[in-house]
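Please walk me through this structure in the viewer, one selection at a time. I would like to know what to pick next and what is found there.

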Amino acid sequence: QVQLVESGGGLVQPGGSLRLSCAASGSIFNIYNMGWYRQAPGKQRELVATDTNGGNTNYADSVKGRFTISRDNAKNTVSLQMNSLNPEDTAVYYCRGFIATSGTAPRVYWGQGTQVTVSS
């Protein structure tokens, strides 16, 4: 089985920065895609950023120029550097992976989520 564990969330003032990390573990054969999603209370879960198998990145318009996603393939980790945070960034952030184990088709795995709160 595959497990994703996030870390790095917390409380930060507007304009501040946080760095989120996600580590994938288990019987991983191949990671096709990893990314970050977020969900605020009463809202739908939305894509924040993704990093594909080929190293291509995609960002939500609301975070372009402020957030940076990166992967360390050797360690099976993905990180999200968040700068210039504002209250609208407040949400639970989830790590998502499209991952195949040996002899199986790939499937989506989710982490438990980490809370990010931006407030004065």
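Does D51 count as buried or exposed? The model is predicted, and in it D51 has a relative accessibility of 7%, so D51 counts as buried, the cut-off being under 20%.

**Stop 1: D51 and T50**

Select D51, which sits in strand β5. Leaving out residues up to four places away in sequence, show what D51 touches: N33, M34, N56, T57, I69, S70 and R71. For a distance check, pick the C-alpha atoms of D51 and S84; they are 21 Å apart in space, with the two positions 33 residues apart in sequence numbering.

Now select T50, also placed in strand β5, which covers residues 46–52. T50 counts as buried because its relative accessibility is 7%. Beyond its neighbours within four places in sequence, T50 is in contact with N33, M34, G35, N56, T57, N58 and I69.

**Stop 2: strand β4 and its partners**

Select β4, residues 28–39, together with β9, residues 91–101. These two strands run antiparallel and are joined by 10 bridges. Within this pair, G35 has R96 of β9 opposite.

Then add β5. It is joined to β4 by 6 bridges, again in the antiparallel sense, and here N33 faces T52 in β5. The hairpin of β4 and β5 has 6 residues between the strands. Pick G42 in that hairpin and read its backbone torsion: phi is positive, near 80 degrees.

**Stop 3: the four-stranded sheet**

Select β1, β3, β8 and β7, in that order across an open sheet with antiparallel pairing. The edge strands are β1 (2–7) and β7 (67–72), each of which pairs on one side only. On average, neighbouring strands of this sheet are turned by 15 degrees against each other, direction ignored.

Strands of a sheet pair through backbone hydrogen bonds, so a backbone display is a suitable view here. Inside the sheet, isolate β3 (residues 18–26) and β8 (residues 77–82), an antiparallel pair with 6 bridges. A23 stands across from T77 in β8.

**Stop 4: the largest pocket**

Finally, turn on a surface and select R38, Q39, A40, K43, Q44, E46, S62, P87, E88, T90 and A91, which line the largest pocket. Its volume is about 150 Å³. Colour the lining by residue class: 3 are nonpolar, 4 polar and 4 charged.

Note on methods
Residues are numbered from 1 along each chain as its sequence is written. This is a predicted model: local features need pLDDT of at least 70, side-chain atom pairs count only at pLDDT 80 or more; totals for chains, interfaces and linings use all residues. Side-chain values use heavy atoms; hydrogens and water are left out. Two strands pair if DSSP finds at least two bridges between them. Axes are lines fitted to C-alpha atoms, for helices over the stretch in contact, and angles run from 0 to 180 degrees between N-to-C directions. Buried means under 20% relative accessible area, exposed over 50%, partly exposed in between (1.4 Å probe, protein chains only). Contact means heavy atoms within 4.5 Å. On a 1 Å grid over the protein atoms alone, a cavity is a set of points where a 1.4 Å probe fits but cannot get out, and a pocket is an open set with protein on both sides within 12 Å along at least five of seven lines; lining residues have an atom within 4 Å of a point. Grid points are joined across faces, edges and corners, and a volume is the space filled by probe spheres set on the points. Ala, Val, Leu, Ile, Met, Phe, Trp, Tyr, Cys and Pro count as nonpolar, Asp, Glu, Lys and Arg as charged, and the others, Gly among them, as polar.
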